[in-house]
Amino acid sequence: MITGKVLQQRLKPKVLVENKLSFAATDSELSIYDTFEPAARVKLSSDQVLFCGMVTGKKVMHAADENYHKDFLPHESFVIAPNQGIEIDFPEAKHNAPTTCLAIEISTDRIALVSQQMNRHLPIADEFEQWHYAEQLVHTHHNHATQALLSRMVDIYTENHPDRNLMIDMAVNELLVRLLRHQKCQLMLKFCSANPDHNGFNAALHYLIANFNEPCDIDMLCKIACMSRTKFFECFKMHVGCTPQAFQQNVRLKQAAKMIEQGHQITATCFDVGFKNTSHFSRAFKQCFGLSPHQYKARHANAIAH
């Protein structure tokens, strides 16, 4: 993800804890943080939204104003709201194996602009409110597409391309759309869980989640939603951002990750969550989490041991 001249600059740190290498743009800034020795309770805050992507190593994130502490590992995103204090532990940082993280600082004005564009072009049901950024911590596994976007953003910020500013604007917009979509999806799922009978779409989504390990029966979902097949797919993609089949697979994979963390056998987990083929399960799991199921299990076991 981080190569070339930038790598050479990083190998000559000015400080050993959170050595920062930054690349500015019009209303955003990308920084690469390297830590070369263990440290605890290192403070981090910003007056803008801070989107972090873990590259190597492990951090333990503590929210300064709430009872929150989570491991932050590669292939995960962590979003910090403006002026929200965070404290960070670096339990595994070494001189020859630094803990590395990307941080993209984005102005609140840019977020408001992207939210307005989404409200204009992607209107959603009133009960889910308009598109907007909720000022709260976000910690999630990011998928293959987000991982590829972050890698591309490093290249764009660090290269001296004549169209650099325009390409950065487009990449930041894409990152924000993904963030806003994630937040809205979480809100929607919470609402549907609490109000499954609010309308047909809620009922269908609730049914799909409750039966995630069963084959995806589109005809049944359309019947529950009281919609035609075309209308149902259109409504589902507008609100959830993907097809019902893709959403179901994501639910299955997240449940599989929880089960693996709890010590369940990988093959049994594969079938328990609804996959019919272990090879397909392994491919899908790696694309979602950046690790094979066996690697994921080993990493979690190692985290517990430490």
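A pocket is an open set of grid points with protein on both sides within 12 Å along at least five of seven lines. The model used in these exercises is predicted.

**Exercise 1. The second largest pocket**

Task: Find the volume of the second largest pocket, and state which elements and residue classes make up its lining.

Solution.
Step 1. The volume of this pocket is about 410 Å³.
Step 2. Its lining has 17 residues, and those nearest the centre are Gln136, Leu137, Val138, Gln183 and Gln186.
Step 3. Two or more lining residues come from each of strand S10 (138-141) and helix H4 (164-194). H4 gives the most, with seven residues.
Step 4. Sorted by class, the lining of the second largest pocket has eight polar, six nonpolar and three charged residues.

**Exercise 2. The cavity**

Task: Describe the largest cavity by its volume, its lining residues and their classes.

Solution.
Step 1. One cavity of 30 Å³ or more is present in the structure.
Step 2. The largest cavity holds about 40 Å³ of space.
Step 3. Its lining consists of Glu18, Tyr33, Leu44, Cys52, Lys59, Met61, Ile88, Cys101 and Ala103.
Step 4. At least two of the lining residues come from strand S5 (59-63), and at least two from strand S9 (99-106).
Step 5. By class, seven lining residues of the largest cavity are nonpolar, two are charged and none is polar.

**Exercise 3. Cysteines and disulfides**

Task: Count the disulfides, then explain why Cys235 and Cys270 do not form one.

Solution.
Step 1. A disulfide requires two cysteine sulfur atoms within 2.5 Å. The count by this rule is zero.
Step 2. For Cys235, the closest cysteine sulfur belongs to Cys192 and is 9.9 Å away, so the two are too far apart for a bond.
Step 3. For Cys270, the closest cysteine sulfur is in Cys288, at 14 Å, which is also too far for a bond.
Step 4. Buried means under 20% relative accessible area. Cys235, at 13%, is therefore buried, and Cys270, at 1%, is therefore buried.

**Exercise 4. The surroundings of Met118**

Task: Place Met118 in its element, decide whether Met118 is buried or exposed, and list its contacts beyond four places in sequence.

Solution.
Step 1. Met118 belongs to helix H2, which covers residues 108-121.
Step 2. The relative accessible area of Met118 is 4%, so Met118 is buried.
Step 3. Leaving out residues up to four places away in sequence, Met118 touches Pro123, Trp131, Val177 and Leu180.
Step 4. Arg181 lies 63 residues from Met118 along the chain, and the C-alpha atoms of these two residues are 9.7 Å apart.

How values were computed:
Residues numbered from 1 in each chain as written. Predicted model: local features only at pLDDT ≥ 70, side-chain atom pairs only at ≥ 80, totals over all residues. Heavy atoms only, no water. 1 Å grid on protein atoms, 1.4 Å probe; cavity = no way out; pocket = protein on both sides within 12 Å on 5 of 7 lines; lining within 4 Å. Points joined across faces, edges and corners; volume = space filled by probe spheres on them. Nonpolar A, V, L, I, M, F, W, Y, C, P; charged D, E, K, R; others polar. Buried < 20%, exposed > 50% of the residue type's maximum accessible area, 1.4 Å probe, protein only. Contact = heavy atoms within 4.5 Å.
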